[in-house]
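Reader: I would like to go through this model contact by contact, with the reasoning laid out for each answer. Could we begin with charged side chains and then turn to the core, the strands and the backbone?

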Amino acid sequence: MTVTIIVVPQSSYSTTLGDTTRENLIAGGSMENPATWTLDAGWAVAGGVATHTTGAADAISQPFETTAGKYYRLGYTVSGITAGSLTPRLTGGSDRPGTAIIADGTYSDRIQAVSGNDMLDDVVAYLETSGCLTQGTHYIWIEPKNADGLSGPLTGPFEITII
């Protein structure tokens, strides 16, 4: 797919790829405010991170409205895992687990809601729409063109990650 963006010299530009209408369904995903989360006994939020005490299977959650049959995309970063796993999930009428994580890293997942799902265990979530790019790693290239339509040097690839 080729997208043309009209530019002027020595200026900065940005563009959105995929669905430009999506919005983060999670409040406080940067973990700056523990009040936006429900924390079981083993979880604490401070200093911009949520920390779990080893030894207990506890949850960190936040309610948001889902639509049965729709897919929700998740993205989050995990660090400091020493034991066990972290599993994002939609809960409520039916438990809809995502992929269990057992190592540090940045992850994305995709979970389909069913009737009664209303909570998610982690940081960002988006409703998947037909305008969304597929999850994973993508690459973009930039090719400048002058006012006469003549191409300049192709630059890239630039790696992007789609949640």
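Reader: Which residue meets the side chain of R110 in a salt bridge?

Author: The model is a predicted one, and a search of the whole structure finds three salt bridges. R110 is in strand β8 (residues 105–112), and its pair links distant parts of the chain, with the partner 18 residues apart from R110 in the loop between β10 and β11. The side chains meet at 2.7 Å, N to O, and the partner is E128.

Reader: Which residues are joined into one network by salt bridges that share partners?

Author: Besides its pairing with R110, E128 meets the side chain of R73 in a salt bridge of 3.0 Å, N to O. Because E128 lies in the loop between β10 (124–127) and β11 while R73 lies in strand β5, this pair ties together parts that are 55 residues apart in sequence. The shared partner makes one network of R73, R110 and E128.

Reader: Is R73 buried or exposed, and which residue has its backbone oxygen 2.7 Å from a polar atom of the R73 side chain?

Author: R73 has a relative accessible area of 4%, and since buried means under 20%, R73 counts as buried. In addition to the polar contact with the side chain of E128 at 3.0 Å, a polar atom of the R73 side chain lies 2.7 Å from the backbone oxygen of L133.

Reader: Which residue forms a salt bridge with R89?

Author: R89 is partly exposed, with 21% relative accessibility, and its partner is also in the partly exposed class, at 46%. The closest N and O atoms of the pair are 3.0 Å apart, and the partner of R89 is D95.

Reader: Which element gives the most residues to the largest nonpolar core?

Author: The largest nonpolar core has 17 residues, and those with the most contacts inside it are I60, F64, Y76 and L90. Two elements give two or more residues to this core, namely β2 (43–46) and β5. With four residues, the element that gives the most is β5.

Reader: Which residue has a backbone oxygen 2.7 Å from a polar atom of the H138 side chain?

Author: H138 is placed in strand β11 (residues 136–142). Leaving aside neighbours within four places in sequence, H138 is in contact with L133, F158, E159, I160 and I162, and its C-alpha lies 5.3 Å from that of I160, although the two are 22 residues apart in sequence. The backbone oxygen at 2.7 Å from a polar atom of the H138 side chain belongs to T134.

Reader: Which residues does G136 touch, not counting residues up to four places away in sequence?

Author: G136 is also found in strand β11, where it is partly exposed, with a relative accessible area of 22%. Not counting residues up to four places away in sequence, G136 touches I160, T161 and I162.

Reader: Where is the cis peptide bond, and which residue other than glycine has a phi near 60°?

Author: Most residues other than glycine have a negative phi, and most peptide bonds are trans. The bond with omega near 0° runs from G156 to P157, and P157 is found in strand β12 (residues 155–162). The residue with the positive phi lies in the segment before β1 and is buried, with a relative accessible area of 5%; the residue with phi near 60° is M31.

Reader: Which residues make the nonpolar surface patch of about 350 Å²?

Author: One member, V8, is placed in the segment before β1 (38–39) and is partly exposed, with a relative accessible area of 49%. The patch is made by I5, V7, V8 and Y13.

Notes:
Residues are numbered from 1 along each chain as its sequence is written. This is a predicted model: local features need pLDDT of at least 70, side-chain atom pairs count only at pLDDT 80 or more; totals for chains, interfaces and linings use all residues. Side-chain values use heavy atoms; hydrogens and water are left out. Patches are made of residues with over 30% relative accessible area and no salt bridge: like charges are joined within 9 Å, nonpolar side chains (Val, Leu, Ile, Met, Phe, Trp, Tyr) within 5 Å. Accessible areas come from the Shrake-Rupley method with a 1.4 Å probe; for residues, only the protein chains shown count as cover. A salt bridge is a side-chain nitrogen of Lys or Arg within 4 Å of a carboxyl oxygen of Asp or Glu. Buried means under 20% relative accessible area, exposed over 50%, partly exposed in between (1.4 Å probe, protein chains only). Contact means heavy atoms within 4.5 Å. A polar contact is a pair of N or O atoms within 3.5 Å; within protein, one must be able to donate a hydrogen and the other to accept it, and residues adjacent in sequence count only if both atoms are side-chain atoms. A nonpolar core is a set of buried Ala, Val, Leu, Ile, Met, Phe, Trp, Tyr and Cys residues joined through side-chain atoms within 4.5 Å.
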